[in-house]
Amino acid sequence: MKEDCIFCRIANGLIPSTTLYEDDDFRVILDLNPASKGHALILPKRHSQDLCSLDDETAGKVLPLAGKLGTAMVKALGCDGFNLVQNNGEAAGQTVLHFHMHIIPRYANGPKIVAWKPGTVSKEEMAQIAEAVKAEL
Ligand code: 5GP
Ligand code: ZN
């Protein structure tokens with residue numbers, strides 16, 4: 001745990017939170033500034049800054065846990081679906097530098113949450129992008 005990391009402190013119970021779920025590896029809490037009713041955050045108890053530094057074992061547990069929480073939210077809150085959002089880097093909107101997965105319940109009657117405006121790309125540019133990324137895999 002990183003002493004000066006707020007999510008380390010919350011995940012490990014040093015700062016109180018509204019907890020939906022806890023096990024040896026994770027704490028799932030309600031977001032203080034929710035995008036919709038029930039907005040929750042999956043916090044690993046072990047510190048990693050973002051997805052790029054998260055160990056594979058922990059990473060492998062995140063999606064099943066998100067599915068479990070989303071299923072419970074549909075039943076308990078009556079939401080019509082949910083988004084998983086996971087920001088890496090300040091440019092991507094990450095404000096707390098401890099890996100976390102957002103679970104955002106979505107309701108047919110809102111609130112509306114717009115993630116991006118669809119853009120355009122040429123076939124040539126797509127091919128260039130694909131080659132550049134594949135070279136780094
Ligand atoms: P990010 O923008 O880094 O992906 O998301 C950080 C999230 O953490 C935001 O949605 C913000 O509202 C939430 N948050 C920040 N500080 C706290 C806190 O102390 N407690 C809780 N429950 N949520 C927090
Ligand atoms: Zn941390």
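Is Cys8 buried or exposed? Cys8 is buried, with a relative accessible area of 0%, and the points below begin from that residue and the metal site to which Cys8 contributes its SG atom.

1. The model under discussion is a predicted one, and the remarks that follow should be read with that in mind. The protein chain contains three helices and five strands, which follow one another along the sequence in the pattern α-β-β-β-α-β-β-α. The C-alpha trace spans about 50 × 40 × 25 Å along its principal axes, and 33% of the 137 residues count as buried. The chain exposes about 9000 Å², of which carbon and sulfur atoms supply 56%. When contacts between residues at least 6 apart in sequence are considered, 51% of them join residues at least 24 apart.

2. The zinc ion (ligand 2) has as its protein donors the SG atoms of Cys5 and Cys8 together with the ND1 atoms of His47 and His98, at distances of 2.0 to 2.3 Å. The angles subtended by the four donor atoms run from 105 to 117 degrees, and the arrangement is therefore tetrahedral, given that four donors count as such if all angles lie between 85 and 135 degrees. Along the chain the donors follow the spacing C-x2-C-x38-H-x50-H. Cys8 belongs to helix H1 (residues 6-11), whereas His47 sits in the loop between strand S3 (40-44) and helix H2 (56-77), so the pair ties together parts that are 39 residues apart in sequence. As for exposure, Cys8 has a relative accessible area of 0% and is buried, while His47, with a value of 24%, is partly exposed.

3. Ligand 1 has 16 residues around it, and those that come nearest are Asp31, Gly93, Thr95, His100 and His102. A polar side-chain atom of Asp31 lies 2.5 Å from an oxygen atom of the ligand, and a polar backbone atom of Gly93 is 2.7 Å from an oxygen atom of ligand 1. Val96 also takes part through its backbone, with an N or O atom placed 3.1 Å from an oxygen atom of ligand 1. Of the 520 Å² of accessible area that ligand 1 has on its own, the protein covers 81%.

4. Arg27, in strand S2 (residues 26-30), deserves a separate look, since this residue counts as buried, with a relative accessible area of 10%. The side chain of Arg27 reaches the backbone oxygen of Ile10 at 3.0 Å, and that side chain also makes a polar contact of 3.3 Å with the side chain of Glu22. Leaving out residues up to four places away in sequence, Arg27 touches a list of residues including Ile10, Ala11, Asn12, Tyr21, Leu41 and Leu43.

5. Leu43, one of the residues touched by Arg27, lies in strand S3 and counts as buried at 0% relative accessibility. Its C-alpha atom is 6.9 Å from that of Phe99, although the two residues are 56 apart in sequence. Beyond its neighbours within four places in sequence, Leu43 is in contact with Phe7, Ile10, Ala11, Asp25, Phe26, Arg27, Ile29, Phe99 and His100; among these, His100 is also one of the residues that come nearest to ligand 1.

6. The loop between H1 and S1 holds Ser17, which counts as partly exposed at 27% relative accessibility. The side chains of Ser17 and Thr19 are joined by a polar contact of 3.1 Å, and Ser17 touches Ile10, Arg27 and Ile29 when residues up to four places away in sequence are not counted. Ser17 and Thr95, by contrast, are 78 residues apart in sequence and lie 18 Å apart in space, C-alpha to C-alpha.

7. Leu14 is placed in the loop between H1 and strand S1 (19-22). Aside from its neighbours within four places in sequence, Leu14 is in contact with Met1 and Arg9. Leu14 and Asp25 are eleven residues apart in sequence and 15 Å apart in space, C-alpha to C-alpha.

8. One backbone detail remains to be noted, namely that the peptide bond from Gly110 to Pro111 is cis, with omega near 5 degrees. Pro111 is found in the loop between strand S5 (101-106) and helix H3 (123-134).

How values were computed: Residues are numbered from 1 along each chain as its sequence is written. Chains are lettered from A and ligands numbered from 1 in the order in which they are written. This is a predicted model: local features need pLDDT of at least 70, side-chain atom pairs count only at pLDDT 80 or more; totals for chains, interfaces and linings use all residues. Side-chain values use heavy atoms; hydrogens and water are left out. Donors are N, O and S atoms within 2.8 Å of the metal (3.2 Å for Na, K and Ca); water is not among the atoms, so sites may look incomplete. Four donors count as tetrahedral if all angles lie between 85 and 135 degrees; four count as square planar and six as octahedral if opposite donors are over 155 degrees apart and all others between 65 and 115; anything else is irregular. Helices (H or I, at least four residues) and strands (E, at least two) are DSSP runs, numbered from the N terminus. Buried means under 20% relative accessible area, exposed over 50%, partly exposed in between (1.4 Å probe, protein chains only). Contact means heavy atoms within 4.5 Å. A residue is near a molecule or strand if one of its heavy atoms lies within 4 Å of it. A polar contact is a pair of N or O atoms within 3.5 Å; within protein, one must be able to donate a hydrogen and the other to accept it, and residues adjacent in sequence count only if both atoms are side-chain atoms. Accessible areas come from the Shrake-Rupley method with a 1.4 Å probe; for residues, only the protein chains shown count as cover.
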